[in-house]
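Trainee: Please take me through one part of this model in detail, beginning with a charged contact and following its surroundings from there.

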Amino acid sequence: MLNVKLLPSFVSRFATSNATLNTRSLSSLRQAEVESLHEHSGLHKINTSSKNPIDIFSKWYNEHMAANATMTSAKAFSLATVSNTGKVSCRSLILRRLDEDGFVMMTDGRSRKSKDLAENPQASMLFLWLDHTSNNLPQTRQVRIEGTVKKLTTENMKELYDIEPLFCKIRAQVCEQGKVVEWDQLKRDHDQLFDKVSKYNVQLPKPDHVVAYKLVPDVIEFYEAIGQKIADRLLFTKDGISWQPKHIAA
């Protein structure tokens with residue numbers, strides 16, 4: 001759930017308002033913001049000396065983890081895939097592992113995303129992290145990643161399944177992601193399996209349809225905005241084995 005306390009005050013008030021969205025209500029909120037704040041403008045620059053975008057990602061990730069009570073907000077990302085007919089779809093996933101050469105995710109191999117990736121292995125990830133700086137200025141960080149997705153071998157991902165909580169392992173057994181279900185039957189299947197696990201300590205090994213993918217990036221873009229300064233964007237593109245950075249306009 002989005003924590004509106006992390007948002008700038010104008011956005012926070014807008015996000016918690018039940019008023020009908022119209023030009024007048026937006027104008028009133030904006031006028032109130034102008035009256036309550038001394039407006040400012042500046043040009044922000046991302047502060048990093050690293051030439052390796054994976055290292056920058058890891059630093060930002062760890063900083064967001066340290067600033068938030070839950071790890072899920074740091075690990076959550078959107079994944080966009082495209083079918084062979086050009087139809088785009090997007091969904092939220094959890095980052096399972098960060099390798100030196102890419103970003104690892106796990107899913108149901110029968111899902112729409114898996115079908116898309118089998119047809120077109122090009123995909124894009126997006127991480128969004130909302131925080132405050134040490135002097136309490138609102139900070140927005142976004143990392144956009146593009147690249148080729150590769151399916152991992154079972155040996156290279158089994159530990160990811162092994163550490164899953166019980167409800168996720170049960171889901172993997174009783175749910176076929178995206179399939180139309182009869183809810184009452186699904187509930188009976190769930191309860192029967194949960195009862196068996198609880199009473200007899202039945203183990204739930206990884207089903208074959210639980211698969212993992214690694215997105216190997218060729219583009220990584222960092223966006224950072226602090227306070228009322230205009231954001232900076234730092235774009236890394238891969239040239240063979242090296243990364244080439246350049247600033248681009250927000």
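Mentor: Arg97 forms a salt bridge with Glu159, and the closest N and O atoms of the two are 3D neighbours at 2.6 Å; a salt bridge here is a side-chain nitrogen of Lys or Arg within 4 Å of a carboxyl oxygen of Asp or Glu. The model is a predicted one, in which local features need pLDDT of at least 70 and side-chain atom pairs count only at pLDDT 80 or more, while totals for chains, interfaces and linings use all residues. Residues are numbered from 1 along each chain as its sequence is written, and side-chain values use heavy atoms, with hydrogens and water left out.

The pair links distant parts of the chain, with Arg97 in strand β4 and Glu159 in helix α6, 62 residues apart; helices (H or I, at least four residues) and strands (E, at least two) are DSSP runs, numbered from the N terminus. Arg97 is buried at 18% relative accessible area, whereas Glu159 counts as partly exposed at 36%; buried means under 20% relative accessible area, exposed over 50% and partly exposed in between, with a 1.4 Å probe and protein chains only. Salt bridges that share partners extend this pair into one network that joins Arg97, Asp99, Asp101, Glu159 and Lys214.

Helix α6 also carries a salt bridge of its own, between Lys158 and Asp162, with the closest N and O atoms 3.0 Å apart. These two residues are 4 residues apart in α6, which means that about one helical turn separates them. An α-helix has 3.6 residues a turn, so residues three or four places apart point the same way. Both partners are partly exposed, Lys158 at 41% relative accessibility and Asp162 at 39%.

Beyond α6, in the loop that leads to α7, Glu164 forms a salt bridge with Arg96, the closest N and O atoms being 2.6 Å apart. Arg96 lies in the loop between β3 (88-94) and β4 (97-99), so the bridge ties together parts that are 68 residues apart in sequence. Glu164 is buried, with a relative accessible area of 12%, while Arg96 is partly exposed at 28%. A search of the whole structure finds 18 salt bridges, of which those described here are examples.

Helix α7 (residues 166-174) holds Lys169, a residue that is buried yet has no salt bridge, its nearest side chain of opposite charge being that of Asp162, 5.3 Å away; for this purpose Lys and Arg count as positive and Asp and Glu as negative, and His and the chain ends are not counted. Leaving aside its neighbours within four places in sequence, Lys169 is in contact with Tyr161, Asp162, Glu164 and Leu204, where contact means heavy atoms within 4.5 Å. Glu164 and Asp162 therefore appear both here and in the salt bridges with Arg96 and Lys158. The buried residues of α7 are Cys168, Lys169, Ile170 and Ala172, and what covers them includes α6 (158-162), α8 (183-200) and β8.

For the wider setting, the protein has 8 helices and 11 strands, and buried residues make up 34% of its 250 residues. The largest nonpolar core has 29 residues, and those with the most contacts inside it are Phe57, Met105, Met125, Phe127, Val143, Ile145 and Phe222; a nonpolar core is a set of buried Ala, Val, Leu, Ile, Met, Phe, Trp, Tyr and Cys residues joined through side-chain atoms within 4.5 Å. A second, separate core of 13 residues includes Met157, Tyr161, Leu193 and Ala212, and Tyr161 is also one of the contacts of Lys169.

Strand β8 (210-226), which is among the elements giving two or more residues to the largest core, also takes part in an aromatic pair. Trp60 and Phe222 form this pair edge-to-face, at 5.2 Å centre to centre and 75° between the planes; rings of Phe, Tyr and Trp (its six-membered ring) pair if their centres lie within 6.5 Å, and planes under 30 degrees apart count as stacked, over 60 as edge-to-face and the rest as tilted. Trp60 belongs to helix α3 and Phe222 to strand β8, 162 residues apart, and both are buried.
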